Amino acid sequence: MINEDLQNLLLQYCEPESELLQRINRETNLKVLMPRMLSGHYQGRVLSMLSKLVNPRRILEVGTFTGYATLCLAEGLQPEGKLFTLDINVELEDMVRRNFADSAYEKQIVYLLGDAMQNIPQLDEVFDLVFIDADKKNNGAYYDLVIDKVRPGGLIIVDNVLWSGKVLSNQQDKDTRNIITFNDKIAKDPQVEKLILPVRDGLFVIRKK
């Protein structure tokens, strides 16, 4: 969405990656299929900043991947806070648990493997911050499951809502139509305030009234 020169300039003016995040970034790109799913340096700093502004006691993440965004979000947690992160990919479990173990947040992270559609209703928590970055066709379903679990003033952040610019195309595939349907759903929801940040592939930042 942003040309490479401008992207490099943005990176010059934001906080650097920690050594652990650099390692996760590198290892993901070397060893994992579809490494583009990783949030990366700039988006990671955006997530960290938003989390620090909210200073959450409870965070929910739908879609762990290799744990990069998880650790960025955890930077804003209160000392007694917890982050619940949900994923279905058991093949990445060893890598993810090692990444969490090497961080300062291991004891604050609850890593749940399985179907998020089943796990979310079982979480008896009130969340200050939710990050949805999983299978895009279910964005609307995840949103419906979490909205009543978010406190007034809490944030829901949804990734990939610009879909590499395909949301502007006249010839839309099924995935693109799903993204647009979700975006339209949020735009019409009177429960929330919302805006899209053109960060990487688009972050929908949604504040519950």
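A residue counts as buried when its relative accessible area is under 20%. Phe 127 has a relative accessible area of 0%, so Phe 127 is buried. Please keep in mind that this is a predicted model.

**Aromatic pairs**

Phe 127 is a good place to start a look at the rings. The count of aromatic pairs comes to 3. One of them joins Phe 127 to Phe 84, and with the planes at 85 degrees the pair is edge-to-face. Phe 84 sits in strand S2 (residues 82-87) and Phe 127 in strand S4 (residues 127-132), so the pair links distant parts of the chain, 43 residues apart. Phe 84 has a relative accessibility of 8%, so this partner counts as buried too.

Phe 100 and Tyr 111 form another edge-to-face aromatic pair. Here helix H5 holds Phe 100 and strand S3 (residues 109-113) holds Tyr 111, with the two positions 11 residues apart in numbering. Both Phe 100 and Tyr 111 are buried.

| Pair | Centre to centre | Angle between planes |
|---|---|---|
| Phe 84 and Phe 127 | 6.0 Å | 85 degrees |
| Phe 100 and Tyr 111 | 5.8 Å | 85 degrees |

**Helices H2 and H5**

Helix H5 (residues 93-101) also meets helix H2 (residues 19-31): their axes come within 11 Å and cross at roughly 170 degrees. Angles over 145 degrees count as roughly antiparallel, so H2 is roughly antiparallel to H5. On the H2 side, the contact involves Leu 20, Arg 23, Ile 24, Glu 27 and Lys 31, while H5 brings Met 95, Arg 98 and Asn 99. By type, the residues of this contact divide into 3 nonpolar, 1 polar and 4 charged.

How values were computed:
Residues are numbered from 1 along each chain as its sequence is written. This is a predicted model: local features need pLDDT of at least 70, side-chain atom pairs count only at pLDDT 80 or more; totals for chains, interfaces and linings use all residues. Side-chain values use heavy atoms; hydrogens and water are left out. Axes are lines fitted to C-alpha atoms, for helices over the stretch in contact, and angles run from 0 to 180 degrees between N-to-C directions. Helices (H or I, at least four residues) and strands (E, at least two) are DSSP runs, numbered from the N terminus. Angles under 35 degrees count as roughly parallel, over 145 as roughly antiparallel, 65 to 115 as roughly perpendicular and the rest as oblique. Contact means heavy atoms within 4.5 Å. Ala, Val, Leu, Ile, Met, Phe, Trp, Tyr, Cys and Pro count as nonpolar, Asp, Glu, Lys and Arg as charged, and the others, Gly among them, as polar. Rings of Phe, Tyr and Trp (its six-membered ring) pair if their centres lie within 6.5 Å; planes under 30 degrees apart count as stacked, over 60 as edge-to-face and the rest as tilted. Buried means under 20% relative accessible area, exposed over 50%, partly exposed in between (1.4 Å probe, protein chains only).
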